[in-house]
Amino acid sequence: MTSRSWLALAVVPLWACASGQGGAVDADAVDGPVADTSAPDSPSADAPDLDAPAPDAAVVDAAMTDAAVVDAAMTDAAVVDAAMVDATMTDASPTGPVDTCAQARDITAAAMAAGGVTLTGDLTGYANDIQPVSSCTGFTNDGPDAVYVLNLTAGRVISASVNATWDSAIEIVQPCQFTPTCLVGRDSGNPESVTYTTTAAGAFYVIVDSWDPGSFGPYTLTVTVQ
């Protein structure tokens with residue numbers, strides 16, 4: 001080999017290294033992608049923000065739950081109110097003794113409803129607390145009696161009737177005392193029925209009465225106000 005050929009071989013590797021074709025790694029090329037490794041980390045910093053709606057959703061759910069509870073309470077209240085109204089309008093029996101003026105049962109609202117109110121009772125064990133003058137019914141009604149009250153304005157028409165298997169009577173009187181003023185009364189037939197139109201506002205007492213102390217028992221009273 002000549003000295004020229006040896007020099008040529010020695011130069012080739014140097015040229016190849018300079019051109020990058022000899023397998024040498026470009027430091028800039030490697031560092032470029034490595035420098036971007038911070039990019040995937042930036043969404044991780046936002047991860048807590050993605051969870052932020054969860055507490056809000058819980059609050060919304062709680063509000064909806066609370067609303068449901070309130071609605072349930074309102075529904076229950078509506079059901080209770082409806083039951084109370086039904087009891088007032090359709091209850092067919094007194095809720096306690098109605099023997100005296102102090103025990104008079106107020107039936108105003110029920111009597112003013114469509115169809116009025118029908119009640120059942122029994123004079124057994126009651127006393128003679130109301131005894132209008134005999135001209136009220138044509139008889140001296142000195143038997144036991146039951147007392148109901150209507151609080152009305154002027155111009156109201158009261159219709160009342162009592163039905164019983166014994167000799168009953170009915171009166172509408174003012175005020176409630178042993179010898180009241182008789183507004184209207186009846187002791188003839190079965191049922192015994194009366195009608196009265198109020199001329200002034202006040203309390204009007206409907207009396208289920210008996211003509212004799214030994215005449216008493218169950219009765220049905222119907223009262224309407226128009």
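Here is a short chat between a trainee and a mentor about the structure above.

Trainee: Before we dig in, what kind of model is this, and which pLDDT do side-chain atom pairs need to count?

Mentor: The model is predicted, local features need pLDDT of at least 70, totals for chains, interfaces and linings use all residues, and side-chain atom pairs count only at pLDDT 80 or more. Residues are numbered from 1 along each chain as its sequence is written, and side-chain values use heavy atoms, with hydrogens and water left out.

Trainee: Okay, how many helices and strands does the protein have?

Mentor: Helices (H or I, at least four residues) and strands (E, at least two) are DSSP runs, numbered from the N terminus. Walking from that end, the elements go α-α-α-α-β-α-β-β-β-β-β-β-β-β. The tally is five helices and nine strands.

Trainee: What share of the residues of the protein counts as buried?

Mentor: Buried means under 20% relative accessible area, exposed means over 50%, and partly exposed is in between, using a 1.4 Å probe and protein chains only. The accessible surface, from the Shrake-Rupley method with a 1.4 Å probe and only the protein chains shown as cover for residues, comes to about 13100 Å², with 62% of it on carbon and sulfur atoms. Of the 226 residues, the buried share is 27%.

Trainee: Which residues touch the most other members of the largest nonpolar core?

Mentor: A nonpolar core is a set of buried Ala, Val, Leu, Ile, Met, Phe, Trp, Tyr and Cys residues joined through side-chain atoms within 4.5 Å. This one holds 28 residues, and the elements giving it two or more include α5 (108–112), β3 (146–152), β4 (157–163) and β9 (218–225). Another core, of seven residues, lies apart from it, with Ile 130 and Val 147 among them. Back in the largest core, the residues you want are Tyr 148, Leu 150, Ile 158, Tyr 219, Leu 221 and Val 223.

Trainee: On to the sheet: which are the edge strands of the open one?

Mentor: Two strands pair if DSSP finds at least two bridges between them. The open sheet has five strands in the order β1-β3-β8-β5-β6, with mixed pairing. Strands that pair on one side only are its edges, and those are β1 (105–106) and β6 (181–186).

Trainee: How many bridges do β3 and β8 pair over?

Mentor: Look at β8 from both sides. Six bridges join it to β5, running antiparallel, and there Glu 171 stands opposite Ile 207. With β3 the sense is antiparallel too; Val 149 faces Tyr 205 and Asn 151 faces Ala 203. The β3 and β8 pairing runs over seven bridges.

Trainee: Is β8 largely enclosed or open, and how many of its residues are buried?

Mentor: β8 is largely enclosed by the rest of the structure. That follows because, of its nine residues, the number buried is seven.

Trainee: I'd check the cysteines next. What pattern do the disulfides follow?

Mentor: A disulfide is a pair of cysteine sulfur atoms within 2.5 Å, and a search of the whole structure finds two. Cys 101 is joined to Cys 176 (S to S 1.9 Å), and Cys 136 to Cys 182 (S to S 1.8 Å). Counting bonded cysteines along the chain, the pattern is 1-3, 2-4.

Trainee: Which hand does the link of Cys 101 and Cys 176 have?

Mentor: Its cysteines sit 75 residues apart, Cys 101 in the loop between α4 (53–90) and β1 and Cys 176 in the loop between β5 and β6. Cys 101 is partly exposed at 26% relative accessible area, while Cys 176 is buried at 17%. With -85° about the S-S bond, the link is left-handed.

Trainee: And which hand does the disulfide of Cys 136 and Cys 182 have?

Mentor: Cys 136 counts as buried at 10% relative accessibility, and Cys 182 is partly exposed at 25%. The torsion about their S-S bond is about 60°, so this disulfide is right-handed.

Trainee: Last one: which side chain makes a polar contact with the side chain of Thr 137?

Mentor: Thr 137 is in the loop between β2 and β3 and is buried, with a relative accessible area of 13%. A polar contact is a pair of N or O atoms within 3.5 Å; within protein, one must be able to donate a hydrogen and the other to accept it, and residues adjacent in sequence count only if both atoms are side-chain atoms. At 2.5 Å, the partner is the side chain of Asn 141.
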